[in-house]
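User: Could you walk me through this structure? I'm new to it, so plain answers would help.

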Amino acid sequence: MAGGMAAGFAGALKPASGAEAGNGSHSDLPSKFTPTAYSLPSSKYSPFTTPDYYTYADDLIIERNHPGKPYQGKVLAAIEAHSDDIPLFAGGTVAKLIDEGYTGYLIRVSNDEAAGKTLGYGVVQNEKDIQGAAKALGCKKAYSFYYRNHRMDDNAVIEIRARLIFLFRLLQVNTVFAMDPYDHYDENPDHLVVGKAVEGACWMSGGGKEYPEHYKAGLKPASVREKYYHARSPQGHNLVNRIVDINSYIDHKVRTNVANTGKGPAGTVGSRLRNELAKQGKKLPFLGDDDETANFQYVKRFLMDDFHLMGQQFGLEYAEAFRYIGPQPNYRENIRRFVDEHAVPL
Amino acid sequence: MIAAAPKIFVEKDQPGRPHQGKVFVAVHAHLDDVPYFAGGLCVKLMKEGYTGYIVRTSNDEKYGGHTIAENILSNEQEHLKMASVIGFKDVFDLYYRSRRMNEISPVEIRGRLTFILRALKADTVISFDPSATGEPDGDHEETGRAVEDACAMCGSASDFAEHLEAGFPAHPVGERYYFGARPDQRFNRVVDISRHIEKKIDAIVECKSQGGGARGSELRARLAKQGRRLPLLGSDDQTANREYVRHFLLDDYREYGKPHNLQWAERFYYVDERPPTRSKVDEYVERNSVRI
């Protein structure tokens, strides 16, 4: 289990008291009401960072760095609808777990055709980008299913789920990252389709009766016991019970986003801004003197700022937020233990 | 344009084991489909060297005269027995709800069949004709369509690339034997099953929940209660079931053989998509190329 420690964040994040919300804006919520969602402070530099709101569980855990390689031998699959989803919303945590021993795989479900000069250019660029993003995250391999972008509610979820079950079994996946299948107010149909397919696949890939032809062909059931579900910004939000300290991996996250040149708010935007300013006889000093530095610093300054603001809520430099679902208790063993302790002679 | 009547090819038994090393997969919707429509062919091909596998796509829940659950169980168990009689090496049951297969995702069942055909390295498939006219059973239509699509895809390395990574390479299906569920459906091949009729009957006898496999013994018991008997039903249940099938349920297969002087025959729409050993271009180059 990817562990952590209990957070004492209650003091840092107070419910709005009728005067000011968590994001600094005015609140008219009367004091007799306890907020059920918390607004997040935002840099307002990009909509593709942290959600407007989160709902926090009272047993929230902060997951910090683990020394050594405690997850050696374990496998994670980061599943995304689009090439920029995992890099933006979970890139730091994926890089962290891989650094701590996991073998990682990136699975992109769409073909990302909706981003690009033409549909064809978009598909090709994003196909290339996902390889770069996977490398920056430390993933062993990237897979693409190529379902049409923004049309995935037209696809048979059962087929997507079946393909994920096949891959989970083939790769012997223990842990997944994906868009929360219950992400509120998510505008993008692909996210919810993928989230639901992942959720079902996690449960079914361990089942002996599901797709028995896989077993006849030599595959083994996969035991997916940990799930990290992330939200989609800005409107989408979910229940959060895990905050991950990604300070040590923020540069991995930045590089992963820089690799996404065909889609999303990162890629080569920094160098393009630098060149544009240069034509006007100006420069932003932090963008440095070359394109690579400009791309990196642009992403770190403008796109990672919201993850910094969220981290600050929990006393961290940078953070990502998840609905984490961990291994289930050993119910049978618990009953057996109870029986051992309480059974009396006849 | 009016389609010309197809030339009928009569496929007879071949000596020896000319198909040694080859694999066929028979895909049907219901327990009794393959035994009736292609049971003789399956026995023949295995005798000639093929290894055979069978896939049942539905759960047959509507057939058997008992509860839905009991029907699923009885058909499942009889499917195993029927497959064993014919000689299939392994049995795959996909359990889609019978008579409701037109609601399932065609791409999902196609994906599953693609995987199975690749995993088994199928050279030949036997299934419903996806273009058969007048087919009243939606399960037959869905199964035939999925099989045809899967055959087209399993040879393409661009489809389901994850299979390739798992060690199941793209594998083209070269030959297809499509059967029809009705006598008026198209065919271009008549297969002589005269030497394999006893096995076909044995297989049908195992189809008791549907297919009439138990009708002989049921009739024998009914007559006995009336103090009568039919001599052709013999003196035990197994004989009664076999002879009932032979005399009352296989008329079509007797009729299929008659025009070709065969005692028993099955009919198929046969499609041969095996690549030629030499392409037309190769032949042209050989005939016409000159020294530079």
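Analyst: What follows goes through the chains, their contact and a few local features, and the model is a predicted one.

User: Okay, chain A to begin with. How many helices and strands does chain A have?

Analyst: Chain A has eleven helices together with ten strands. Its radius of gyration is 22 Å, close to the 20 Å that the globule rule gives for 346 residues, so chain A is as compact as a globular protein of that length.

User: And what does the C-alpha trace of chain A span along its principal axes?

Analyst: The span is about 90 × 55 × 40 Å for the C-alpha trace of chain A. As for the inside, buried residues account for 49% of the 346 residues in chain A, and of the contacts in chain A between residues at least 6 apart in sequence, 74% join residues at least 24 apart.

User: What about confidence, what pLDDT does chain A average?

Analyst: The average pLDDT of chain A is 92, and 95% of the residues score at least 70. Residues 1-12 of chain A need some care, since pLDDT stays under 50 over that stretch, although the model has 26 contacts beyond four places in sequence for it. Where pLDDT is low, the predicted coordinates should not be read in detail.

User: Got it. Now chain B, how many helices and strands there?

Analyst: In chain B there are ten helices and eight strands. A compact globule with 292 residues would have a radius of gyration near 19 Å, and the 21 Å of chain B agrees with that. The C-alpha trace of chain B spans about 95 × 45 × 40 Å along its principal axes.

User: How much of chain B counts as buried?

Analyst: Of the 292 residues of chain B, the buried ones make up 47%. Looking at contacts in chain B between residues at least 6 apart in sequence, one finds that 77% join residues at least 24 apart.

User: Let's go to where the chains touch. How many residues does each chain give to the contact?

Analyst: Chain B gives 13 residues to the contact and chain A gives twelve residues. On the chain B side, strand E4 (90-96) and helix H3 (106-120) each supply at least two residues, and H3(B) provides the largest share of that side, with seven residues.

User: What kinds of residues are on that side of chain B?

Analyst: The side of chain B that touches chain A divides into seven nonpolar, two polar and four charged residues.

User: Any odd backbone spots around strand E4 of chain B?

Analyst: B:Tyr95 lies in strand E4 of chain B, and it has a positive phi of about 65 degrees although it is not a glycine. B:Arg99, in the loop between E4 and H3 of chain B, has a phi near 65 degrees, again a positive value in a residue other than glycine.

User: Why does B:Tyr95 count as partly exposed, and not buried or exposed?

Analyst: B:Tyr95 has 16 C-beta neighbours inside 10 Å, and because 20 or more would make a residue buried and 12 or fewer exposed, it counts as partly exposed. B:Arg99 has 15 C-beta neighbours inside 10 Å, so it counts as partly exposed.

User: And which peptide bond in chain A is cis?

Analyst: The bond joining A:Ser233 and A:Pro234 is a cis peptide bond, with omega about -5 degrees. A:Pro234 is found in the loop between strand E8 (226-230) and strand E9 (239-245) of chain A.

User: Back to helices, how do H3 and H7 of chain A cross?

Analyst: The axes of helix H3 (residues 119-137) and helix H7 (residues 250-258) of chain A come within 8 Å and cross at roughly 170 degrees, which means that H3(A) is roughly antiparallel to H7(A). The contact is made by A:Ala133, A:Ala136 and A:Leu137 of H3(A), with A:His252, A:Arg255 and A:Thr256 coming from H7(A). Those residues divide into three nonpolar, two polar and one charged.

User: Last one, B:Lys44: is it buried or exposed?

Analyst: B:Lys44, found in helix H1 (residues 33-47) of chain B, has 24 C-beta neighbours inside 10 Å, so it counts as buried. Leaving out residues up to four places away in sequence, B:Lys44 touches B:Asp13, B:Val191, B:Ile193 and B:His196. The C-alpha atoms of B:Lys44 and B:Gln263 are separated by 15 Å, and these two residues are 219 residues apart along the chain.

Terms used
Residues numbered from 1 in each chain as written. Chains lettered and ligands numbered in written order. Predicted model: local features only at pLDDT ≥ 70, side-chain atom pairs only at ≥ 80, totals over all residues. Helix = DSSP H or I, 4+ residues; strand = E, 2+ residues; numbered from the N terminus. Rg over C-alpha atoms; globule rule 2.2 N^0.38 Å. Contact = placed C-beta atoms within 7 Å. Nonpolar A, V, L, I, M, F, W, Y, C, P; charged D, E, K, R; others polar. Axes fitted to C-alpha atoms, helices over the stretch in contact; angles between N-to-C directions. Parallel < 35°, antiparallel > 145°, perpendicular 65-115°, else oblique. pLDDT = per-residue confidence, 0-100.
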